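These are my notebook entries on one structure. I set out to look up its empty spaces, its core and a few individual residues.

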Amino acid sequence: MLKTSAPQPSIRIISSTIALASFSVLTGCQTLPNLSATNTHIKTSSNQVSNPLTARMSAIDRQGRIAYVEEQGVGTAKISTLYSIRPDGSDRQLIDQLTGYIYAPAWSADGQQLAYSKQAPREHPKIYIYDRNRKTQQLVVNSEGSNLSASFSPDGQKILYSSTVGGNADIYERRLSDGSTKQLTTLPSTEVQPSYAVDGKSFVYTSDKVRAGRPSVYRYNFATESATLVSTGSYAASPQLSLDGQRMAYLNGRKAAVMMLATGQVINLADTGLDEPARLSPSGQYAVYPTRNANLGGQVGSQNGGSLVIHSLTGNTSYAISGQAGGLVRSPVWGR
């Protein structure tokens, strides 16, 4: 059994851009096959926990928690572990673990609940909600098919998610109090990875309705029940809006990126090599994304591990927090 207590994580200040590999065909699953990594130059900090970036963070970011998945092994021996950790690398806590896969954690607006998908061998992905106060997991979506990418409404009363229950990947909204569910998209294309806007009046999501296998980001308006394209100018997926509605974190082709929605300015952070987007801090001033260590050499089952990278969008500086157990690090998301 894996213990929740752990040695202090290693924090590294990153001194150069991390160049990794590519994104494959959109499937609705946010963890897809891995490709090889190129050289990464990392400088080790002399202080194992604190660092200058976290000292300058606002309280809403510094006191929040980052949830992420760490994977070890391959095939039927794959073990996935869901952790949460402080942005300074302290207080790592185990949330869940299974033989199989854990996908796409997402915090509620108040940071007290965490939704994620679990897939045990020979089973379909199901959506669970973890309650931080009660330390419990509750199964909330068990439809036949792939149930992925949950997103909490701002009031915490509903979730959006994608499911293939109807045979095609579409987006659904479920009220948590009674389980009542509404299908929001009905196109023959793939509609996945929904994420609520902070006002609850719209959400962004990924669709390949224009060209199969070539995803773009759209914004769905609840009042009009229609969607419009968010212009990114390229292959784009896995969107997340900032709490102030001014920024969108997403996967820009091969790069974890952040867009300023008013101007269309894009900040490309890194090729993650893990088909993973950036995710924004509560203030929107920082982004977190995962990377593979350069010495993995393309071996999917390697235990040499990966890291969380935290990047200041205003200071253009980064640092990395190593994984707990030497596995691949995936799907970080920053909550309050």
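**Entry 1. Cavities.** I began with the term itself: on a 1 Å grid over the protein atoms alone, a cavity is a set of points where a 1.4 Å probe fits but cannot get out. I note that the model under study is predicted. With that definition I looked up the cavities of 30 Å³ or more, and the structure holds two. I then turned to the second largest cavity, which contains about 30 Å³ of space. I listed its lining as Arg65, Ser84, Gln93, Ile95, Trp107, Tyr130, Arg132 and Lys135. By class, I recorded three nonpolar, two polar and three charged residues in this lining.

**Entry 2. The largest pocket.** Next I looked up the largest pocket and found a volume of about 670 Å³. I recorded 37 residues in its lining, with Trp107, Ser151, Ser195, Gln240 and Val333 nearest the centre. Trp107 had already appeared in my list for the second largest cavity. Which strands each supply at least two residues of the pocket lining? I noted β6 (101–107), β10 (147–152), β14 (191–196), β18 (236–241), β22 (279–280) and β26 (328–335). The most comes from β26, which gives five residues. I sorted the pocket lining by class and obtained 21 nonpolar, 13 polar and three charged residues.

**Entry 3. The chain as a whole.** I recorded two helices and 26 strands for the chain. Of its 336 residues, 55% count as buried. I also looked up contacts with a separation of 6 or more in the chain, and residues 24 or more positions apart account for 44% of them.

**Entry 4. The largest nonpolar core.** I found 14 residues in the largest nonpolar core, and those with the most contacts inside it are Ile66, Leu308, Ile310 and Trp334. At least two residues of this core come from each of β3 (65–72), β4, β23 (286–292), β24 (306–312), β25 (318–322) and β26. I then looked up Leu308 on its own, leaving out residues up to four places away in sequence. On that basis Leu308 touches Ile66, Tyr68, Ile85, Val288, Tyr289, Tyr319, Ala320, Ile321, Val329 and Pro332.

**Entry 5. Positive phi.** I kept in mind that most residues other than glycine have a negative phi. I therefore noted Lys135, whose phi is near 60°, and placed it in the loop between β8 (126–131) and β9 (136–141). Is Lys135 buried or exposed? It counts as exposed, because its relative accessibility is 52% and the cut-off is over 50%. Lys135 is also one of the residues lining the second largest cavity. Gln193 has a positive phi as well, near 55°. I located Gln193 in strand β14, and I recorded it as buried because its relative accessible area is 3%.

**Entry 6. Two serines in loops.** I found Ser90 in the loop between β4 (79–85) and β5 (93–99). At 19% relative accessibility, Ser90 counts as buried, because the limit is under 20%. Its side chain makes a polar contact with the side chain of Asp88 at 2.6 Å.

Ser242 is in the loop between β18 and β19 (247–252). I recorded Ser242 as buried, since its relative accessibility is 3%. What does the side chain of Ser242 reach? I found the backbone nitrogen of Gln246 at 3.2 Å. Not counting residues up to four places away in sequence, Ser242 touches Arg247 and Leu280. I also looked up Pro282, which is 40 residues from Ser242 along the chain, and the two C-alpha atoms are separated by 7.3 Å.

**Entry 7. A tyrosine in a strand.** I closed with Tyr172, which I placed in strand β12 (residues 170–175). I recorded Tyr172 as buried because its relative accessible area is 7%. Leaving aside neighbours within four places in sequence, I listed its contacts as Ile159, Leu160, Tyr161, Ser163, Val165, Gly166, Thr181, Lys182, Gln183 and Leu184. The C-alpha atoms of Tyr172 and Ser162 are separated by 6.1 Å, with their positions ten residues apart along the chain taken as the sequence separation.

Conventions
Residues are numbered from 1 along each chain as its sequence is written. This is a predicted model: local features need pLDDT of at least 70, side-chain atom pairs count only at pLDDT 80 or more; totals for chains, interfaces and linings use all residues. Side-chain values use heavy atoms; hydrogens and water are left out. Helices (H or I, at least four residues) and strands (E, at least two) are DSSP runs, numbered from the N terminus. Buried means under 20% relative accessible area, exposed over 50%, partly exposed in between (1.4 Å probe, protein chains only). A polar contact is a pair of N or O atoms within 3.5 Å; within protein, one must be able to donate a hydrogen and the other to accept it, and residues adjacent in sequence count only if both atoms are side-chain atoms. On a 1 Å grid over the protein atoms alone, a cavity is a set of points where a 1.4 Å probe fits but cannot get out, and a pocket is an open set with protein on both sides within 12 Å along at least five of seven lines; lining residues have an atom within 4 Å of a point. Grid points are joined across faces, edges and corners, and a volume is the space filled by probe spheres set on the points. Ala, Val, Leu, Ile, Met, Phe, Trp, Tyr, Cys and Pro count as nonpolar, Asp, Glu, Lys and Arg as charged, and the others, Gly among them, as polar. Contact means heavy atoms within 4.5 Å. A nonpolar core is a set of buried Ala, Val, Leu, Ile, Met, Phe, Trp, Tyr and Cys residues joined through side-chain atoms within 4.5 Å.
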